[in-house]
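This report concerns a protein chain and the way its parts meet. Please consult the sequence and the structure below while reading.

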Amino acid sequence: MPPPRFLFADQLGPHYDDGGPIVLVEATAVLGRRTYHRAKAHLILSALRHRARELGDRAEFLRTEHYRDVLKGRDLEVINPTSWGARALVAELGASVLPSRGFITSEQDFARWADGRPASRLVMEQFYRHVRTTTGVLMRGPDPEGGRFNFDHDNRQAPPKNAVGLGLPDPWTPIEDDIDAEVRQDLDRLVAEGRVHLIGADGPRRFAATRAEALAALDDFIETRLSDFGPFEDASLIGDSTMAHSRLSVPLNLGLLHPQEVIDAVVTAYQSGGVPLPSTEAVVRQVMGWRDWVWHLYWHLGENYVAESNFLAAHEPLPPAFLELNGDAVEARCLSHVLDEVSRTGWAHHIQRLMILGNWSLQRGYEPSALSDWFINAFVDGTPWVMPANVVGMSQHADGGIVATKPYAAGGAYISKMTDFCGGCRFNPKIRLGPEACPFTAGYWAFLDRVEPRIRGNHRMAQPLAGLRRLVDRDAVAAQERARTDW
């Protein structure tokens, strides 16, 4: 008979449970090591405690300061965990290690695909097509459904003009119970004792913490939002914080849903005739392509990837507005709004992360590893394996082109087109110099001015750099942004 299985807090779904005895551990020091969002800390504890209740006598639920205090010297088995730190702990404990779960492809699958490819050729689109072909998802024999692997070009619609929201029902949210009340009291006590430091607002739990809740959230997304996800996945509106996004990254990253379940559900909805192919493919690409890809890159690029990646020599510290999630300290309406949303919920959808928070940080030269840590701490779905490729590679171009072939920098015109954030803002996205100069528009040119020597050889940046050289006020814009305090 195998030894008890120790499950981490992101391994809480049925695909991590083979029927034997389970050990769950709530370790206060895990929360104390980082400055987490209050909603994130609540979600982790709520999910652990709910799983312990569900398992009943089959689970040994231990509360302690450190994992080692209750696990050292025990005979345990584990499913290979999801971070370098957790794997080091498992090795120290001498636990029997089972292969990773919770992804479409295994680490061995990725290693075979990546064999012989330089890091700069580990392109997500190629990996995604490989997985589609080998699994047969959205395929008709050797050909992709609809004749294309990627419908991204069709999924870039701006939000409806003069709309407050997309007009969709409010997304599913859970009903809190006695466990949530207990968690809230315990967090209040830990904060009062100085053992845990949290940021962001307390409030009702908004995301799934149990298997049943995760399935309800998936069903709700399929029924109410999936059809609109594709066309509006890059759009934002002040009055609609969710738009057509699923918010399923939270239960996926807690291990409450298996990604194959999500793929099967959206493909079934498409095959039934009720969902457009571009929306279906967009979800499949995010889950089967991007999610698996960044998971594998976390291991493939090595434990020092984040610490050693700073291609653009970005060394500015994160500002208090970020560290304190204080949108009131920011005049730019887009950034202020997104920081307020993160403070309120611990979540923002991907385009706000990339083109508002990430774009701003890229332009200002915030230190990439500090920004990656901030995203892990401030977001309810932030994990050590998710953020390196997303933040350090994709958003900040700090790896020099492994994850993204060019920096994801954009000026205020993009934000004005894809959102309603610019309305009512005191800055003008069409102006780059003077009191009304948009910090994103001016910041874009100042960013290019700063990093030109490092990106001059990137052929995808040839046109933007040519535009920079034609700017008659280049030096004035760069000087303005170096001295700017009114953002």
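The sections below treat the domains, the interface between two of them, the salt bridges and the cysteines.

## Model and domains

The model described here is predicted. The domain assignment divides the protein chain into domain 1 (5-98), domain 2 (107-174 + 209-301) and domain 3 (305-483). In this assignment, domain 2 is given as two segments. The centres of domain 1 and domain 3, taken over C-alpha atoms, lie 36 Å apart.

## Interface of domain 1 and domain 3

Contact between these domains involves nine residues of domain 1 and 16 residues of domain 3. Together the two domains bury about 850 Å², and carbon and sulfur atoms account for 51% of that area. Of the area that domain 1 buries against domain 3, 62% is supplied by Arg34, His37 and Lys40, more than by any other three residues.

Polar interactions also cross this interface. The rule finds eight residue pairs in polar contact between domain 1 and domain 3, with both residues at pLDDT 80 or more. On the side of domain 1 that touches domain 3, the elements giving two or more residues are β3 (36-37) and α2 (38-55). Helix α2 provides the largest share of that side, with three residues. Sorted by class, the same side of domain 1 comprises three nonpolar, four polar and two charged residues.

## Salt bridges

In the structure as a whole, the rule gives a count of 44 salt bridges. One salt bridge is found across the interface of domain 1 and domain 3. Arg34 is paired with Asp373 in a salt bridge, with 3.6 Å between the closest N and O atoms. Arg34 is also one of the three residues that supply 62% of the area domain 1 buries against domain 3.

A further salt bridge joins the side chains of Arg63 and Glu182, at an N to O distance of 3.6 Å. This pair connects distant parts of the chain, the two residues being 119 residues apart. Arg63 belongs to strand β4 (residues 59-64), whereas Glu182 belongs to helix α7 (residues 178-192).

## Cysteines

How many disulfides does the structure hold? The number is zero. Cys425 takes part in no disulfide, and the nearest cysteine sulfur, which belongs to Cys334, is 6.5 Å away. Cys438 is likewise in no disulfide; for this residue the nearest cysteine sulfur is that of Cys422, at 6.3 Å. A disulfide is counted here when two cysteine sulfur atoms are within 2.5 Å, so neither of these pairs qualifies.

Definitions and conventions
Residues numbered from 1 in each chain as written. Predicted model: local features only at pLDDT ≥ 70, side-chain atom pairs only at ≥ 80, totals over all residues. Heavy atoms only, no water. Domains from an automatic or database assignment. Contact = heavy atoms within 4.5 Å. Buried area = accessible area lost by both parts, 1.4 Å probe. Salt bridge = Lys/Arg side-chain N within 4 Å of Asp/Glu carboxyl O. Polar contact = N/O pair within 3.5 Å; in protein donor to acceptor, adjacent residues only side chain to side chain. Helix = DSSP H or I, 4+ residues; strand = E, 2+ residues; numbered from the N terminus. Nonpolar A, V, L, I, M, F, W, Y, C, P; charged D, E, K, R; others polar.
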